[in-house]
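New to this one? Take a look at the sequence and the model first, and then we'll walk through a few spots together.

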Amino acid sequence: CIEAAKVMNGKFLAIQKDGLWSIWSFNGRMLIPYSLDELTAIKDVACLKTKNKFVLATMEAISLLADQQPLNPRDSVDEVKPWRNDGVWIQKGKVQGVVDQYLDTLIKADQQQLSQAFFGSIATTREGFKTINDSGAKSVLFQQIVVQEPWTVVKTDGAWHLYNPATNRII
């Protein structure tokens, strides 16, 4: 008995039966059998959860399953969530990073805590804080960062400075 159904990003039909999800093409072909505990789409990235781990796949990769092409998922991760500019935040253990809609790295996965800011992201590590702007440029390490849009101030060498994260320069 079918328990639930939803359309995934206008491209596939997801059907839940006996607590497990499957993915189907709109013409009725099963692409992924009833084996998923949970599934969501972050734009064109499918987040497929089994055994408390997520595997990410592009919608294009899922569509190739109809032509008997293998899915070839990358490593599994513990958590996923939407990120700014259509990114996908991933976490595996204490390692966090961000990938784009093609699953290419936007922010390298590392032992860091990422937070979103109006200019991009802030990475917090044991050593300190750094900014990562939307073009991917990283700042030097700071002792502290305070953001109040449109302002960013950073603490370095015990002093506070106005900072432009777009150019990675102290003003």
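## Strands, hairpins and cores

Let's start with one pair of residues: Val 99 stands opposite Thr 105 in S11. Keep in mind that this is a predicted model.

Val 99 belongs to strand S10, residues 95–99. Four bridges tie S10 to S11 (residues 105–111), and the two run antiparallel. Together S10 and S11 make a hairpin with five residues between them. In that turn, Leu 103 has a positive phi of about 70°.

On its other pairing, S10 meets strand S9 (residues 87–92), again antiparallel, through five bridges. Here Lys 92 has Val 95 of S10 as its bridge partner. S9 and S10 also form a hairpin, with two residues between them, and Gly 93 in the turn shows a positive phi of about 65°. How many of the five residues of S10 are buried? Four of them are, which leaves this strand mostly covered.

Now for the loop between S10 and S11, where you'll find Gln 101. Is Gln 101 buried or exposed? Its relative accessibility is 13%, so Gln 101 counts as buried, the cut-off being under 20%. The side chain of Gln 101 reaches the backbone oxygen of Asp 86 at 2.7 Å. A polar atom of that Gln 101 side chain also lies 3.3 Å from the backbone oxygen of Ile 42. Setting aside neighbours within four places in sequence, the contacts of Gln 101 include Lys 43, Asp 44, Val 45, Thr 58 and Val 88.

Further along the chain there's an open sheet of four strands in the order S15-S16-S17-S18, with antiparallel pairing. S15 and strand S18 (169–170) are the edge strands, each pairing on one side only. Strand S16 (residues 151–156) is worth a pause: Thr 152, Val 154 and Thr 156 point to one face and are buried, while Trp 151, Val 153 and Lys 155 point to the other and are not. Why the alternation? In a regular strand the side chains alternate between the two faces of the sheet.

S16 joins strand S15 (residues 144–148) through five antiparallel bridges, and the two form a hairpin with two residues between them. Four antiparallel bridges link S16 to strand S17 (residues 159–164). That hairpin of S16 and S17 has two residues between the strands too, and Asp 157 takes a positive phi near 55°.

Here are some of the facing residues in this sheet:

| Residue | Opposite residue | Strands |
|---|---|---|
| Gln 144 | Lys 155 | S15 and S16 |
| Ile 145 | Val 154 | S15 and S16 |
| Val 154 | His 161 | S16 and S17 |

Finally, the cores. The largest nonpolar core has 15 residues, and Met 8, Phe 12, Ile 23, Leu 36, Leu 39, Leu 48 and Ile 62 touch the most other members. Strands S2 (12–17), S3 (20–24), S4 (30–36) and S6 (45–50) and helix H1 (59–63) each supply at least two of its residues. Which element gives the largest share of this core? S4 does, with three residues.

Met 8, leaving out neighbours within four places in sequence, is in contact with Ala 14, Ile 23, Leu 39, Thr 40, Ala 41, Ala 46 and Met 59. There's also a second, separate core of 11 residues, which includes Val 45, Val 80, Ile 90 and Leu 103. Leu 103 is the turn residue between S10 and S11, and Val 45 is one of the contacts of Gln 101.

Methods:
Residues numbered from 1 in each chain as written. Predicted model: local features only at pLDDT ≥ 70, side-chain atom pairs only at ≥ 80, totals over all residues. Heavy atoms only, no water. Core = buried A, V, L, I, M, F, W, Y, C linked by side-chain atoms within 4.5 Å. Buried < 20%, exposed > 50% of the residue type's maximum accessible area, 1.4 Å probe, protein only. Contact = heavy atoms within 4.5 Å. Pairing = 2+ DSSP bridges. Polar contact = N/O pair within 3.5 Å; in protein donor to acceptor, adjacent residues only side chain to side chain.
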